[in-house]
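Subject: Handing over the structure, with notes on the side chains

Dear colleague,

I am passing on the structure we spoke about, and below it you will find my notes, written so that you can follow them with the model open beside you. Please take your time and look up each residue as you read.

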Amino acid sequence: MTIEKIQKVNVGEQVFERMKQLILDGEWKPADKLPSESELANRFGVSRVTVRQALQKLNTMGLVETRLGSGTFVKEIDAGSTMQELLPTAYLSSSLDQIMEFRRIIDSESAGLAARRATEEEVGVLRQINSDMIQEYEAGDLKGFARKDSEFHFKIGEISKNPLLIKTNAILQEILRSSMVDFIEVRGYESAIKYHTLIVEAIAKHNEKEAVELVRRHLG
């Protein structure tokens, strides 16, 4: 690993950017211990204070963590815990309309990936969830219907096999849980059943374009 001396213009920002790039490029891998402040200062040709400030910025970004008595390490990023930080922002700063706009984007792209990647077994699970949802409706259990509706969309996220989409779907379901019945009543239970059935078949046929379009219409 080669670290070049820093040109003394915006020195602190340059050190921060170089260190960040070393992490992003994989030169410093998750769980790796970084060189000491003194060693970094020597390699970069800057003061320890400058290095310390850069490390603090990396820490704030969640790219490194300092362990008392052990040093500074590249953080092992967990997409789940990082994405969880969206929850308070979504709860406090977003209207239901804004959340639904976001959901249309996320759910439609999830459906496209699900259509590309779904196994026969996964399609079978989707069909079963949809069937259970219809049974809840026929039994007059609207809360049960809403739970199955959420489960259906979350399963599509899982089938996408993209960890960021899976976690985002989980966050959306958490936010919408209390208002799902109202939301479904506005759009209609029959409409949800119709589109869910069509979406399952599009995924079963591995028709990405159709799956995306159907979800957009369903949530439009």
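Glu65 is partly exposed, with a relative accessible area of 27%, and its side chain meets that of Arg67 in a salt bridge, with 3.1 Å from N to O. Arg67 is itself partly exposed, at a relative accessible area of 35%. Arg67 also has a second contact that you can look for, since it lies over the face of Phe73, at 4.0 Å from the ring centre. Please keep in mind throughout that this is a predicted model, and that the values I quote were computed from it.

Salt bridges

The count of salt bridges comes to 17, and I will describe only some of them here. Which residue forms a salt bridge with Glu13? The partner is Lys57, and the closest N and O atoms of the two are 3.0 Å apart. Glu13 belongs to helix α1 (residues 11-24) and Lys57 to helix α3 (residues 48-61), so this pair ties together parts that are 44 residues apart in sequence. Glu13 is partly exposed, with a relative accessible area of 38%, and Lys57 is also partly exposed, with a value of 37%. Like Arg67, which you met above over the face of Phe73, Lys57 lies over the face of a ring, in this case that of Phe16, at 4.1 Å from the ring centre.

Another salt bridge joins Glu122 to Lys161, with the closest N and O atoms 2.9 Å apart. This pair links distant parts of the chain, for Glu122 is in helix α7 (residues 120-138), while Lys161 is in the loop between α8 (142-160) and α9 (163-176), and the two are 39 residues apart. Are the two partners buried or exposed, or do they fall in between? Glu122 has a relative accessible area of 17% and is therefore buried, as the limit for that word is under 20%, whereas Lys161, at 42% relative accessibility, counts as partly exposed. Beyond these pairs, there is also a network in which salt bridges that share partners join Glu37, Arg48 and Arg52.

Aromatic pairs

The count of aromatic pairs comes to 3. In one of them, Tyr137 and Phe145 are arranged edge-to-face, with 6.0 Å from centre to centre and 65 degrees between the planes. Tyr137 counts as partly exposed, at 28% relative accessibility, but Phe145 counts as buried, at 0%. Phe145 also pairs with Tyr189, again edge-to-face, with 4.8 Å from centre to centre and 70 degrees between the planes. This second pair links distant parts of the chain, as Phe145 is in helix α8 and Tyr189 in helix α11 (residues 189-204), 44 residues apart. Both Phe145 and Tyr189 are buried. When you view the three residues Tyr137, Phe145 and Tyr189 together, you will see that they form one aromatic cluster.

The cavity

How many cavities of 30 Å³ or more does the structure hold? There is 1 of that kind, and the volume of the largest cavity is about 70 Å³. Its lining is made up of Arg103, Asp149, Met180, Phe183, Ile184, Arg187, Gly188, Ser191, Ala192 and His218. The elements that give two or more residues to this lining are α10 (180-187) and α11, and α10 gives the most, with 4 residues. If you sort the lining residues by their chemical character, they divide into 4 nonpolar, 3 polar and 3 charged.

A contact across the sequence

Finally, please find Ala31, which is in the loop between α1 and α2 (37-44). At 38% relative accessibility, Ala31 counts as partly exposed. Ala31 and Thr72 are 41 residues apart in sequence, and in space they are 9.4 Å apart, taken from C-alpha to C-alpha.

With best wishes

Notes: Residues are numbered from 1 along each chain as its sequence is written. This is a predicted model: local features need pLDDT of at least 70, side-chain atom pairs count only at pLDDT 80 or more; totals for chains, interfaces and linings use all residues. Side-chain values use heavy atoms; hydrogens and water are left out. A salt bridge is a side-chain nitrogen of Lys or Arg within 4 Å of a carboxyl oxygen of Asp or Glu. Buried means under 20% relative accessible area, exposed over 50%, partly exposed in between (1.4 Å probe, protein chains only). Rings of Phe, Tyr and Trp (its six-membered ring) pair if their centres lie within 6.5 Å; planes under 30 degrees apart count as stacked, over 60 as edge-to-face and the rest as tilted. A charge sits over a ring if NZ of Lys or CZ of Arg is within 6 Å of the ring centre and within 35 degrees of the ring normal. On a 1 Å grid over the protein atoms alone, a cavity is a set of points where a 1.4 Å probe fits but cannot get out, and a pocket is an open set with protein on both sides within 12 Å along at least five of seven lines; lining residues have an atom within 4 Å of a point. Grid points are joined across faces, edges and corners, and a volume is the space filled by probe spheres set on the points. Ala, Val, Leu, Ile, Met, Phe, Trp, Tyr, Cys and Pro count as nonpolar, Asp, Glu, Lys and Arg as charged, and the others, Gly among them, as polar.
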